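Colleague: I'm new to this one, so could you walk me through it? I'll throw short questions at you as we go.

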Amino acid sequence: MQILSLLRERFAAVLNDLIDNPQLVASSLERIVPSREPQLADYQANIAMPLAKPLGKPPLEIAKSVVDRLKLDDVCETVSIAGAGYINLKLSPKWMSRQLNNATCDDRIGVERTTDPKTFVVDYSSPNVAKPMHVGHIRSTVIGAAIANTLRFLGHRVITDNHLGDWGTQFGMIIYGYKHFRDESAYQSQPVAELSRLYRHIQAMIAYQEAVANLPKMDANIQQASHRVDLAKKKLEETPQDKKAAKELQAAQNKLQEAHDDLAAKQELIAQAESSPTLLSDAKMHPDLNSAVLAETAALHRGEKENLALWNEFLPRCLDEIHAVYDRLGTRFDYEYGESFYHDLLGSVIEELFAKSLAVPSNGAICVFLDGFDAPMIVQKQDGAYLYATTDIATAMFREREFEPDACLYVVDHRQSEHFKKLFAVLEKMGYQHTQFKHISFGTVLGKDGKPFKTRSGSTVGLEPLLDEAVERAWAVACDPNRLQVAGIEMDESEKRQVAEIVGIGAIKYADLSHNRESNYVFDMDKMVQLEGNTAAYIQYSYARTRSILRKAETQEWAREKWETATIDLQAPVEIALGLQLIRFEETLKHSMQDYLPNVITEYLFDTAKLFSSFFDQCPVLKAETEAIGLSRLKLTHLVGQTLKVGLDLLGIQVIERM
RNA sequence: GGGCUCAUAGCUCAGUUGGAUAGAGCAACGGAUUUCUAAUCCGUAGGUCGUAGGUUCGAAUCCUACUGGGCCUGCCA
């Protein structure tokens with residue numbers, strides 16, 4: 001059901017007669033949009049005002065001549081002109097009813113497959129294995145999955161690929177840790193936990209050693225900064241009116257504060273490390289761990305036997321671990337070609353860059369210089385090692401060969417936007433112009449204090465404990481015995497567990513998806529597990545209500561199975577509003593994928609749930625005035641349920657039959 | 001230093017790519033319940049869209065400057 005394209009077709013017929021400039025017609029058609037003023041119209045055409053100048057006629061006159069020729073009486077109840085020349089369209093409830101009746105109640109609920117399918121590669125999640133997943137991985141995973149699902153649902157060919165970090169320094173850490181610090185019995189009984197402990201142990205020691213090494217430098221920083229403050233002060237005293245001097249003082253003071261904060265943070269880190277005797281003695285016994293770890297990594301990359309064997313031993317276990325998390329999140333990938341997969345191809349990437357005269361040696365490294373960027377893209381380090389830029393190029397080349405995509409979407413943190421700009425520039429120079437490479441960037445997850453989400457001690461928050469907490473809270477609220485009693489629902493333990501899991505995980509996913517991905521968002525567990533307001537639970541609850549009504553209908557003779565073949569007839573204002581909302585599902589999905597913004601879908605689902613709640617409040621279904629009205633409302637209710645279910649499913653959120 | 005990005009109600013956020021009187025949710029206040037599940041509904045209040053200019057029929061949206069935050073910036077990913 002594509003209302004917009006239907007309306008545009010009708011307008012096009014008129015505009016082509018009125019205007020002989022096809023470009024002007026096209027841009028006018030773009031201005032036919034869902035109305036911003038639902039009270040005034042369902043759709044509006046803001047075409048008359050911009051046409052005033054090119055046509056040399058007043059907007060109202062243009063609007064009138066368009067409306068006079070427009071044939072929309074089958075679709076619209078009213079077509080009117082308002083204000084400066086807005087053309088307001090109100091759809092006819094009869095027409096809407098017919099559309100809804102045509103919408104089969106299957107799991108596509110009337111959404112057509114695109115007539116112009118494209119091939120998308122969606123690269124998302126991409127965690128480093130062997131490191132515990134943390135809160136930052138949620139966004140990429142959840143947003144990427146939602147985009148991939150939606151594009152696929154719309155009829156595109158979608159290939160999802162999890163570009164795992166399975167070849168990096170973290171393996172050097174684990175290998176080094178395994179060789180020197182492993183607890184054999186712990187490793188035998190719980191290998192992944194032990195590897196994770198080793199990883200954290202090594203990382204803590206490196207942080208400690210770096211902090212100690214940096215202390216003198218930080219002292220120097222403070223002195224330097226305080227000197228700068230003095231200078232700025234003096235200057236400002238001499239020229240108190242100088243705005244620049246005032247600004248400089250402010251900047252200098254900020255720098256000084258920053259330097260003090262840095263030092264304090266490092267001192268705390270050191271104090272923490274020194275409170276652990278094992279860590280301290282291990283760190284003393286293994287000075288300069290950082291270099292040692294890099295050496296282990298380099299040995300692995302050289303293919304040194306022992307390290308490669310260890311890597312082969314560790315990797316499957318790390319993957320199992322990570323897949324357990326994906327299972328819980330309900331995420332799957334078509335492919336998981338990690339960095340290691342591309343390792344052997346990196347040399348040929350450099351060769352090709354040279355062959356295409358893009359690569360240049362510079363200061364001992366191999367670089368690609370690009371217009372508009374200060375720094376080049378470095379593809380091979382002085383020591384001969386390759387970088388993630390190199391791997392990214394190899395990955396893109398592989399995907400071009402393997403999948404021939406029309407578009408390649410990278411769902412990655414906004415901090416890497418410059419990297420992707422460079423990457424795409426290089427790929428274009430390499431000749432991949434026909435593919436649209438796009439960085440689907442997203443903002444940082446912040447804590448309630450507005451700073452990046454961290455634990456109190458400053459470490460990142462692990463993903464799994466977070467999921468556990470959400471599920472626990474969901475249990476407390478959704479499975480509250482008092483509430484279940486009032487709702488008349490008896491649940492056994494396993495159903496409660498299932499409800500809590502679905503509501504809890506849904507809450508986290510929804511909170512993430514409901515924010516515009518471009519902006520940073522504040523992670524607030526209290527809010528997202530709230531069961532009122534714009535949350536997953538509110539929508540899941542609405543779905544459960546639709547199911548509840550339909551279950552009850554099956555117990556009543558007049559309704560049983562009959563509603564399936566009944567006719568929807570929208571009568572009450574709230575029914576009409578709800579019906580219009582349902583018809584717009586396809587339009588919403590397309591709108592959402594125009595800029596790959598899943599929050600367009602969450603907003604739609606929330607609006608739908610709200611309208612359903614109003615409908616539910618105002619329109620009796622099982623106790624309707626007549627059986628015909630009751631059957632119509634039952635069918636509408638079913639359609640609402642299906643829409644919510646399919647919509648949530650695209651977002652990777654499950655529903656429950658009763659809650 | 002250079003670059004990117006953000007600033008909308010007390011709080012968290014939308015804002016259909018330049019359209020009408022800027023919208024939700026939470027919190028606050030007032031109403032509705034012998035309920036087709038109150039995890040609900042209806043209503044009230046809350047705004048100099050960071051500041052100042054500019055572009056035009058029309059600006060939260062585009063341009064310029066400024067203020068304040070975040071991020072990136074030659075060998076991590």
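Colleague: How many residues of domain 2 are in contact with domain 3?
Modeller: Six residues of domain 2 are, and they meet seven residues of domain 3. Keep in mind that this is a predicted model.

Colleague: And how much area do domain 2 and domain 3 bury between them?
Modeller: About 520 Å², with 65% of it on carbon and sulfur atoms. On the domain 2 side, Val 129, Ala 130 and Lys 131 supply 66% of the area buried against domain 3, more than any other three residues.

Colleague: What about salt bridges across the interface of domain 2 and domain 3, how many does the rule find?
Modeller: Zero salt bridges there. For polar contact, the count between domain 2 and domain 3 is one residue pair, both at pLDDT 80 or more. By class, the side of domain 2 that touches domain 3 has three nonpolar, two polar and one charged residues.

Colleague: Back up a bit, where do the domains of chain A run?
Modeller: The domain assignment puts domain 1 at 3-91, domain 2 at 93-160 + 443-659, and domain 3 at 169-315. The C-alpha centres of domain 2 and domain 3 are 43 Å apart.

Colleague: OK, salt bridges in general: how many does the count come to?
Modeller: The count comes to 31 salt bridges. One of them joins the side chains of Asp 334 and Arg 152, at 3.0 Å from N to O. That pair links distant parts of the chain, 182 residues apart. Asp 334 sits in the loop between helix H13 (305-329) and helix H14 (339-342), while Arg 152 belongs to helix H6 (residues 136-153).

Colleague: Switching to the RNA, how many residues surround strand B?
Modeller: There are 70 around RNA strand B, and the closest are Asn 88, Lys 381, Tyr 388, Arg 483 and Asp 595. By class, that surface has 30 nonpolar, 19 polar and 21 charged residues.

Colleague: Which helix gives the most to the surface near RNA strand B?
Modeller: Helix H25 (residues 599-618), with eight residues.

Colleague: Which parts of RNA strand B are within 4 Å of the protein, sugar or phosphate, or bases?
Modeller: Of the strand B atoms within 4 Å, 60% belong to sugar or phosphate and the rest to bases. As for bases, a base nitrogen is 2.5 Å from an N or O atom in the side chain of Tyr 388. A base nitrogen is also 3.1 Å from a polar backbone atom of Val 621, and a base oxygen is 3.2 Å from a backbone N or O atom of Leu 622.

Key. Residues are numbered from 1 along each chain as its sequence is written. Chains are lettered from A and ligands numbered from 1 in the order in which they are written. Side-chain values use heavy atoms; hydrogens and water are left out. A residue is near a molecule or strand if one of its heavy atoms lies within 4 Å of it. A polar contact is a pair of N or O atoms within 3.5 Å; within protein, one must be able to donate a hydrogen and the other to accept it, and residues adjacent in sequence count only if both atoms are side-chain atoms. Helices (H or I, at least four residues) and strands (E, at least two) are DSSP runs, numbered from the N terminus. Ala, Val, Leu, Ile, Met, Phe, Trp, Tyr, Cys and Pro count as nonpolar, Asp, Glu, Lys and Arg as charged, and the others, Gly among them, as polar. Domain bounds come from an automatic or database domain assignment. Contact means heavy atoms within 4.5 Å. Buried area is the accessible area (1.4 Å probe) that two parts lose on being put together, summed over both. A salt bridge is a side-chain nitrogen of Lys or Arg within 4 Å of a carboxyl oxygen of Asp or Glu.
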